[in-house]
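Ready to find your way around a new protein fold? Have a look at the sequence and the model, then work through the exercises at your own pace.

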Amino acid sequence: MSFYSEYLKYKNFQFNKFLENITSSDIFRIINKDKIDEYDFLTLLSNEAEKYLEEMAQKAHQLTVQNFGKTILLYTPLYLSNFCVNRCSYCGFNIENKIKRKKLTFEEIEEEAKAISSTGLRHVLILTGESRKETPVSYIVDAVKILKKYFDSISIEIYPLKEDEYREVIKAGVDGLTIYQEVYDEDIYDKVHIAGPKKNYRFRLNAPERACKARMRNISIGALLGLNDWRKEAFLTGLHAKYLQDKYSDVEISVSLPRIRPHIGVYEDIYPVSDKNLVQIMLALRLFLPRIGITISTRENQKLRDNLIPLGVTKTSAGVSTEVGGHSSKTKSDSQFEISDKRSVIEMKKAILSRGYQPVFKDWMQIDY
């Protein structure tokens, strides 16, 4: 059994029929419950629940402080390469896009590591496009060995691996995985992933579970909001997180909430996701899964990110570049997408402190026996 079996239970679910029958009393009843089920979670994603975001926010704040304290973990992405063999209609790395491609040498990786670590950050997320020719697992392993000299926690956001390959990168020093399903709707997934290995829906869907089996310490999942009706995607993201959390209680499970951003190439079939919608997703997730980590990236603007701090966020990025070599190199690649919040690590630290929260630069350290 895998999460695909869970997905199939809801593939033909009549979401609209369920959501149009929600009442105010349903919302209040759920907010006041100690534990909510998946149908309660979906109820909190309804149109009717939009009227009660303040009440949901108060409960979400209480649960977040209870489980995480008033802390926000900081990290930054480090792009190793933007070579990619996939044709994904919404991504700047699409193989057909005429962009400046670049892959960091090991000397350049060390320079990037020095530049990032000088800001005080000790958690880093390394990213590549999907190209086993340009960035094989052996390249990732060698890069991690360099980064271990500068960082206490190294996460990967690369192409999905087999279970034994996850064990290999974990052995090298990786402790975290970020992998987005992009869109849970299987038909839309097939449509937007035009060609390439990423077209394999189930191999990607099962990647987080393979990493759990390989004993990855923390795993972050999510959908790229804007590729489908956000209510359906948020619901399935929450179900996927709960499936992993229930089955692998020794793994930290987190959810990221990325919204599609402008990028090189054109993708026009976008489902709108407003700021208010994003807030509602976050609040509903927190009430459904009180111990789940929630990440908000620099895809969102400064004002929104600051206002989200007390509502459930546990992790955020700072000092971000989505270019390969963006932290130190004079010959950068084109970016994967445009970031919205361009604040430095120091500026982000001050913003978090001003909200009465503690910015955390390190909450994990590997010990080699």
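Below are four exercises, each with a worked solution.

Before you start: this is a predicted model, where local features need pLDDT of at least 70, side-chain atom pairs count only at pLDDT 80 or more, and totals for chains, interfaces and linings use all residues. Residues are numbered from 1 along each chain as its sequence is written, and side-chain values use heavy atoms, with hydrogens and water left out.

**Exercise 1. Find the buried residues of helix H6 and work out why they sit on the same side.**

Step 1: Locate the helix. H6 covers residues 106-117; helices (H or I, at least four residues) and strands (E, at least two) are DSSP runs, numbered from the N terminus.

Step 2: Check its span. The 12 residues reach 16 Å from first C-alpha to last, close to the 16 Å expected (1.5 Å times one less than the number of residues).

Step 3: List what's hidden. Ile109, Glu110, Glu112, Ala113, Ile116 and Ser117 are buried in H6. They sit on the same side of H6 because they cover an arc of only 160 degrees around the axis, using the directions from the helix axis to the C-beta atoms. Buried means under 20% relative accessible area, exposed over 50%, and partly exposed in between (1.4 Å probe, protein chains only).

Step 4: See what covers them. The cover includes strand E1 (71-79), strand E3 (123-127) and helix H7 (137-147).

**Exercise 2. Describe strand E3 and the strands it pairs with.**

Step 1: Look at burial. E3 is largely enclosed by the rest of the structure, because 5 of its 5 residues are buried. His123, Leu125 and Leu127 point one way, while Val124 and Ile126 point the other way.

Step 2: Find the partners (two strands pair if DSSP finds at least two bridges between them). E1 pairs with E3 in the parallel sense over 4 bridges, with proline 77 opposite leucine 125. Strand E4 (residues 153-157) also runs parallel to E3, joined by 5 bridges, and here leucine 127 stands opposite glutamate 157.

Step 3: Follow the chain. From E3 it passes through H7 to E4, making a right-handed β-α-β crossover; with the strands pointing away from the viewer, the path from the first strand over the helix to the second runs clockwise.

Step 4: Inspect the connecting helix. H7 is mostly covered, with 8 of its 11 residues buried, among them Tyr139, Ala143 and Leu147. Its cover includes E1, H6, E3, E4, helix H8 (163-172) and strand E5 (174-182).

**Exercise 3. Is leucine 78 buried or exposed, and which residues does it touch?**

Step 1: Place it. Leucine 78 lies in strand E1.

Step 2: Read off accessibility. Its relative accessible area is 0%, so leucine 78 is buried.

Step 3: Collect contacts (heavy atoms within 4.5 Å). Leaving aside neighbours within four places in sequence, leucine 78 is in contact with residues including Glu112, Ile116, Val124 and Leu147.

**Exercise 4. Work out where asparagine 228 sits and what its side chain does.**

Step 1: Place it. Asparagine 228 is in the loop between strand E7 (218-223) and helix H12 (230-247).

Step 2: Check burial. Asparagine 228 counts as buried because its relative accessibility is 6%.

Step 3: Look for a polar partner. The asparagine 228 side chain makes a polar contact with the side chain of glutamate 233 (2.8 Å). A polar contact is a pair of N or O atoms within 3.5 Å; within protein, one must be able to donate a hydrogen and the other to accept it, and residues adjacent in sequence count only if both atoms are side-chain atoms.
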